[in-house]
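User: I am new to this structure and would like to understand how its interior is packed. Please take me through it in questions and answers.

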Amino acid sequence: MSAEVCIDIAGLLEGLELGADAVFIAEEALIGRPIEALLGWVDRQPPWSDMPFVVLTSHRQTPQAVAGRARLVAALRNVSLLERPVQAITLTSSLQAAVRARRRQYEVRAHLAERERAARGLEALVAARTQELEAANQALRAQIAERERVEETLRHAQKMEAIGQLTGGVAHDFNNLLMVISGGLDMLGRQRDQARQKLLMDGMRQAAGRGAALTRQLLAFSRRQALSSQAVDLARQIGGMRELLDRSLRGDVHVALDFAEGLWPVEVDPGELELVVLNLAVNARDAMPDGGTIVIRGENRPGLDSDGLRGDFVALSVVDTGTGMPPEVLARVFEPFFTTKDIGKGSGLGLAQVYGFAQQSGGTVRIDTALGQGTTILLLLPRSVRAPVVPERHLIDLRLERPSEVPIGHVLLVEDDDEVAALVGEMLTTLGFEATRAASATAALGALADGRDIDLVFSDVMMPGGMNGVDLAREVKRRRPGLPVVLTTAYAEAAKRDAEAEGIALLPKPYRLEELAMATRTALGRP
């Protein structure tokens, strides 16, 4: 420990500025002297500094001396008083204590400086992190916007996927309806019998009603029309989809309907129900690459009390014999946009829509599946206490009184649509043919097998049962090579190429009586 001797206050201040550790001073150098500069230095110390002063006092205890010491202690703040005479060891220990205290202050200064550096570093880190977070937030906002765009695109793709499944069936249905209406109008002007005119009118009204119903379903599907639950007869509603289902599936996939006797009506939106059934049927089809059977089953479940459901429910299940699902797929199957299909083959919204439909209808959905064992998707739908509205159905009766003259030929009419079959049968009769109707390709082959004298097979292309009109034509050529075949379809693009490849005449629906006459008589070689 070294000491620097100062002869006046100015020298003391210079030493303090150079970094003294402690000040040892006699009170005579301070009391009664101009020490404002020293007191100013004391006041200007940084927060960590409290310079220790060791003041050597006299033994005088006059009021003036005592008051002066008190003012001095208050002004210098960190003061230790040593009264003369003072022993060397006392002086030494006092100064050492003052120096130690000062060095602790230096440590505090170092800590404060380090904390300041750390604070500045933290502020810089916070600023950098804030900038990173802002950049991340901007990226996240961009990702959210992109996700919303992609989700909207996928929703549109899912709807377009379903529309793609519906296109063939819708076009076929509408052209069949136009066939009944335009053909009926054509026949109406040629028919003088009022009873037969009334039957034709009934058929056209029925076709117009079916067209309006189909339009309502399409509007409901596109969300252009408000949806509402009502009492629905599952057997009738899904049975009415049979033709649409057959046209939406492959020829090697068959649909079987199994509805229990006395099946209760359910409280659902019929348009949403049909979309759900179509989605499930298409999924089942895709799960059976080698073909198979889809069973749509309905059963009553009275007094149900499970999965949060209590009361009377109807179990609607779609069962396939396909590949089944592994556990990891089953765990995610209801997630929106989750799909195991190839890109462009599915949006992943089908089963999410099924789940949403079941929940919104007050029911639930369950899946029973195993690899290689097929899948059963079961919807529990609440029983309706209301009676479903049963639409009237008027069909033109083929069993009309036929003209008495001898027919010019016998036509085997193969058509699964009742209204179209009735009208075309009447048109053939007007043209002078006798008509025998078969509702499927299998029934037509049965009619040929029983030895009936048939001059012409006039068949629709798209039919249920796994065999279409082109397949039927090939089989007819194999069994009876000389028997002419004319095909007709309400969805010409789907069959035109196959029919042309087989050299088979194709008459698109709707057609007029003159066009039917030309097609049939050309096939028979009778211009």
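User: Leaving aside its neighbours within four places in sequence, with which residues is Leu273 in contact?

Analyst: The model considered here is predicted. In it, once neighbours within four places in sequence are set aside, the contacts of Leu273 are Val232, Leu234, Gln237, Val268, Leu316, Phe357 and Leu381.

User: Which helix gives the largest share of the largest nonpolar core?

Analyst: The largest nonpolar core has 39 residues, and those touching the most other members are Leu234, Leu273, Ile296, Leu316 and Leu379. Another core, of 26 residues, lies apart from it and includes Leu177, Met179, Leu456 and Tyr511. In the core of 39 residues, the largest share is eight residues, and the helix that provides them, spanning residues 270-286, is α8.

User: Against which elements do the buried residues of α2 pack?

Analyst: Helix α2 covers residues 36-43, and its buried residues are Leu38, Gly40, Trp41 and Val42. The elements against which these buried residues pack are α1 (9-18), β2 (53-57) and α3 (63-76).

User: Are α1 and α2 roughly parallel or roughly antiparallel to each other?

Analyst: The axes of the two helices come within 9 Å and cross at roughly 20°. Angles under 35 degrees count as roughly parallel. Therefore α1 and α2 are, relative to each other, roughly parallel.

User: How many nonpolar residues has the contact of α1 with α2?

Analyst: On the α1 side the contact is made by Ile9, Leu12, Leu13, Leu16 and Glu17, and on the α2 side by Ala37, Leu38 and Trp41. By class, one residue of this contact is charged, none is polar, and the number of nonpolar residues is seven.

Note on methods: Residues numbered from 1 in each chain as written. Predicted model: local features only at pLDDT ≥ 70, side-chain atom pairs only at ≥ 80, totals over all residues. Heavy atoms only, no water. Buried < 20%, exposed > 50% of the residue type's maximum accessible area, 1.4 Å probe, protein only. Helix = DSSP H or I, 4+ residues; strand = E, 2+ residues; numbered from the N terminus. Contact = heavy atoms within 4.5 Å. Axes fitted to C-alpha atoms, helices over the stretch in contact; angles between N-to-C directions. Parallel < 35°, antiparallel > 145°, perpendicular 65-115°, else oblique. Nonpolar A, V, L, I, M, F, W, Y, C, P; charged D, E, K, R; others polar. Core = buried A, V, L, I, M, F, W, Y, C linked by side-chain atoms within 4.5 Å.
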